[in-house]
Structure formats: structure tokens, C-alpha cells
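User: I want the reasoning behind the labels on this model. Take me through the calls one by one.

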Amino acid sequence: MNTDTLADSRSKTSFTDFLNRMHHPASLDLVRSIKSFIVSFSFYQPKPENDGKRVQDFFLSMEAAMRDHPLWTTASEEDIDCAMEGLEKYIMIKLFSRTFSATPEDAKIDNEISEKICLLQTFLKPEHLDIPPILQNEASWLLAEKELLKINAFKAPHEKLLSILNCCRVINKVLLNVAVSEHVPAGADDFLPVLIYVTIKANPQKLHSNLKFIKLFRRQAKLISEAEYYFTNLVSAAAFIVDLNAKSLSMDEIKFEESMQAAKLINKVTNESSSTCQMSQQENNKCSCSEKMHHKLDDTGVFKDVEHGSNYPYMEAKSKELTVGDVDMLLSDYKDLVAKYTILCKAISCLSTSEREPLLRQIEKQSAETLLSQHPGINTPTTHQDN
């Protein structure tokens, strides 16, 4: 059993054991204290720092109560710790909606970080963060990204923190393997740049809120040693990303600004396309286009909806099937297409050849996939990336 599986197994065992003990008749006084705390907590308006102190104080009082309780008279320190892990998980799951991203400011910061990372993803490379070629390992870093992305799958601070620890352990292991195999030093100075790059590639949603949640509601006695080190590094990585500019990177300032502007244009096209697709789908549901556009008679004389669910109602149309009523929609679609094409061309022209070619391949692939999803019968050419 690997370390990750073992840690996850211990977490589940702690929580199960805690729930079992709370169902014991002798624990009625503890249950009342827990329920009373949860109910009273909702009476207060969200104030993150005060909320954190209130929860931490409750953890300390409950730990003292457990140590004096008959159910734990013969308990070891490990047993007490397991019970407290179970209590923390139970309390924070119950209070999650009240404590996680509790203020509008938190949501604003989360969106700003996520949007900035989206821009950086289009052009940032390891060398921009001074990561030596010998330490670059995108395939292994992908495992670290996946671990970090798990952070939003959990509501308990301990489990969210575990996602961070697993991500950092993967990075550290990769660096150590390189150091051993290539006989090169890999110190702490190499770790943070890689973590920053992995965080940008992963772009975990609500990064700020997750870090704040862990800091405020993870039991302070557990934010030590390895956990504290890796958590602090991710906090530093997030702060670096927030303040990131050309001076932060090994990159020409003009090139950085051009890349950011190009990324903004590309994101604008993507967002507008997504919005247009949603609007088109809603319009199609109400569409008053000619019956010939949406229904054709099959050989048996039964109407068949050949365009059901499609965002492109004219893809299979013939000129003789169009009516005067279709002209307005076709003209609107044409103008929208030209506007998006113009913006996209401007964005792509700002990129270098090395940056432009992967992006064009990606756009080509996404376009083919979209067309195929709308029209499963169409045979699309396979790009060299798919071979």
C-alpha cells in the first residue's frame, strides 16, 4: 500500500471510528456540545478570522473534554488524534457552506487568480521560471497537477491539505530522482519554481479560498513539519502568481505584454463563442425557421428531426430550402463569424512561430471535435497529433 492510499485509509478510519463513538450512549454530552456549537455558529455573520478562532478554540475544548471522558480513559495519543481528526472533518463538513469562500472578496480574488492563470497558460514555459532543462518533466508533473486538482473534491481541511501534500511529494520525488540519476544537486530553490509551474498548468478553482480555508480551520497542531512546509510553499506560489509580471520571469517585458494581450483576445473569442453557442441552442429551441430546415420526410413519410440538438441548423441545408425568414439569422451568424475571425487573427499574429503552431493545431482539433459532436456522420480528417 502506497503512502497516499495509507493516508486516505487512516482518514476514513478516523472518521468512522469517531462516528461510532458518538453513537455510544455515554457520548451524549459530547454530541450535545457539538450540535450546540454548529447551531450557534450560524447565528454569527461571516468573519473569516473570527470564525477561524472560534473553531480552533472549540477544537481545543473538545480535545480536553475527550481526554477526560470515560470513552477515552484508556485511549492512546494516537486514539485521541484520530478522534480529533474525525471531529474536525465532521464539524467542517457541516459548516462548509458557511465558512468556505465566505465573503464576496474571497470569490473576487479566486476569479482574478483563475483568470490570470488562464492567460499565463497560453504562453508560459518552464524556462520562463528558470527551471533548468534537466529538471523539466512534463509527464511526471501531470501527476502532481492531478493531485492538486483533487483539492475541490473535499470539504474537510485535512483532506484538502492532503491533496497539496501529495502534489508536492510528487514534485519532490521527481526532483530527487533527477538529482540521483543525473548526479546534479536539486535543492529547495528548484522546488518552488516547479510548484508555481504545476499550479499554473493545473489552475485549481478557488485556489485562494482553499488556502484560506485550510489556514483557518485545519487544527493548528497539525499544520507543522512537512505539512507546514508544503502548505507555505503553495501559499508563496499563489502570491507569486498574483503579483507575476515580466520582471518576475526570464522574459522580455514587451514580449510578455504582447503575449498577455494575445491571450486576452483568444480568451475573449473562446468566451464569446461559448456564449453564442448557448444562445444559439436557446434560439434553436424556439426557432421559427422553415419546417424544411428542421424536418424532412423519410421514405416512410414519417417526419425526422435531422437537426435536433445542433447549433448549426444550416449545415445540411440546400438553397432551395431557405426562406426569406432565414436571411436575418444567416446575416447575424455571418457578422458574428467575421468578428470572431478578426479577433482571433489579431491574437494569433502576436504569437511567435513556436507558440502559434501548437495553438493552431489545438484550434483545428477542437473545431473538428465540435463539428463531429454536432454531426456524428461527418468524417473529419485526423491531425498528426492524433496519430
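User: Why is Arg218 called buried or exposed?
Analyst: This is a predicted model, so every value here is computed from it. Arg218 has a relative accessible area of 2%. Buried means under 20%. Arg218 is therefore buried.

User: What makes Arg218 and Glu85 a salt bridge?
Analyst: Their closest N and O atoms are 2.6 Å apart. The cut-off is 4 Å between a side-chain nitrogen of Lys or Arg and a carboxyl oxygen of Asp or Glu. The pair therefore counts as a salt bridge. Arg218 lies in the loop between helix H10 (207–217) and H11, and Glu85 in helix H4 (residues 77–94), so the bridge ties together parts that are 133 residues apart in sequence.

User: Why does Glu85 count as buried or exposed?
Analyst: Glu85 has 11% relative accessibility. The limit for buried is under 20%. Glu85 is therefore buried.

User: What else does Arg218 meet in a salt bridge, and at what distance?
Analyst: Arg218 also meets Glu88, at 3.0 Å from N to O. This pair too links distant parts of the chain: Arg218 sits in the loop between H10 and H11, Glu88 in helix H4, and they are 130 residues apart. Both Arg218 and Glu88 are buried.

User: How do you know that Lys150 and Glu147 form a salt bridge?
Analyst: The closest N and O atoms of Lys150 and Glu147 are 3.2 Å apart. The limit is 4 Å. The pair therefore passes as a salt bridge.

User: What are the exposure classes of Lys150 and Glu147, and why?
Analyst: Lys150 has a relative accessible area of 39%. Partly exposed lies between the 20% and 50% limits, so Lys150 is partly exposed. Glu147 is at 14%. That is under 20%, so Glu147 is buried.

User: Which residues are joined into one salt-bridge network?
Analyst: Asp81, Glu85, Glu88, Arg218, Arg219 and Lys222 are joined into one network by salt bridges that share partners. The structure holds 17 salt bridges.

User: How do you know how many disulfides there are?
Analyst: A search of the whole structure finds zero. Two cysteine sulfur atoms must lie within 2.5 Å to count. Take Cys167: the nearest cysteine sulfur, that of Cys168, is 4.9 Å away, and Cys167 is in no disulfide.

User: Where do Cys167 and Cys118 fall, buried or exposed?
Analyst: Cys167 has a relative accessible area of 0%, so Cys167 is buried. Cys118 is at 29% relative accessibility. That is between the 20% and 50% limits, so Cys118 counts as partly exposed.

User: What is notable about phi at Asp130?
Analyst: Asp130 has a positive phi of about 60 degrees although it is not a glycine. Asp130 is placed in the loop between helix H6 (104–121) and helix H7 (138–149). Its relative accessible area is 54%. Exposed means over 50%, so Asp130 is exposed.

User: Which value does phi take at Ser225, and where does Ser225 lie?
Analyst: Phi of Ser225 is near 55 degrees, a positive value in a residue other than glycine. Ser225 lies in helix H11 (residues 225–243). At a relative accessible area of 60%, Ser225 is over the 50% limit and therefore exposed.

User: Why is Leu60 called buried or exposed?
Analyst: Leu60 has a relative accessible area of 57%. The limit for exposed is over 50%, so Leu60 is exposed. Leu60 is found in helix H3 (residues 48–67). Leu60 and Met84 are 24 residues apart in sequence and 9.4 Å apart in space, C-alpha to C-alpha.

User: What makes up the nonpolar surface patch of about 350 Å²?
Analyst: Val39, Phe43 and Tyr44 make it. Patch residues need over 30% relative accessible area. Phe43 has 64%, so Phe43 clears that limit and is exposed. Phe43 is found in the loop between helix H2 (28–41) and H3.

User: What share of the chain counts as buried?
Analyst: Of the 387 residues, 37% count as buried. The chain exposes about 22200 Å², and carbon and sulfur atoms supply 55% of that area. Its secondary structure comes to 15 helices and two strands.

Methods
Residues are numbered from 1 along each chain as its sequence is written. This is a predicted model: local features need pLDDT of at least 70, side-chain atom pairs count only at pLDDT 80 or more; totals for chains, interfaces and linings use all residues. Side-chain values use heavy atoms; hydrogens and water are left out. Helices (H or I, at least four residues) and strands (E, at least two) are DSSP runs, numbered from the N terminus. Buried means under 20% relative accessible area, exposed over 50%, partly exposed in between (1.4 Å probe, protein chains only). Accessible areas come from the Shrake-Rupley method with a 1.4 Å probe; for residues, only the protein chains shown count as cover. Patches are made of residues with over 30% relative accessible area and no salt bridge: like charges are joined within 9 Å, nonpolar side chains (Val, Leu, Ile, Met, Phe, Trp, Tyr) within 5 Å.
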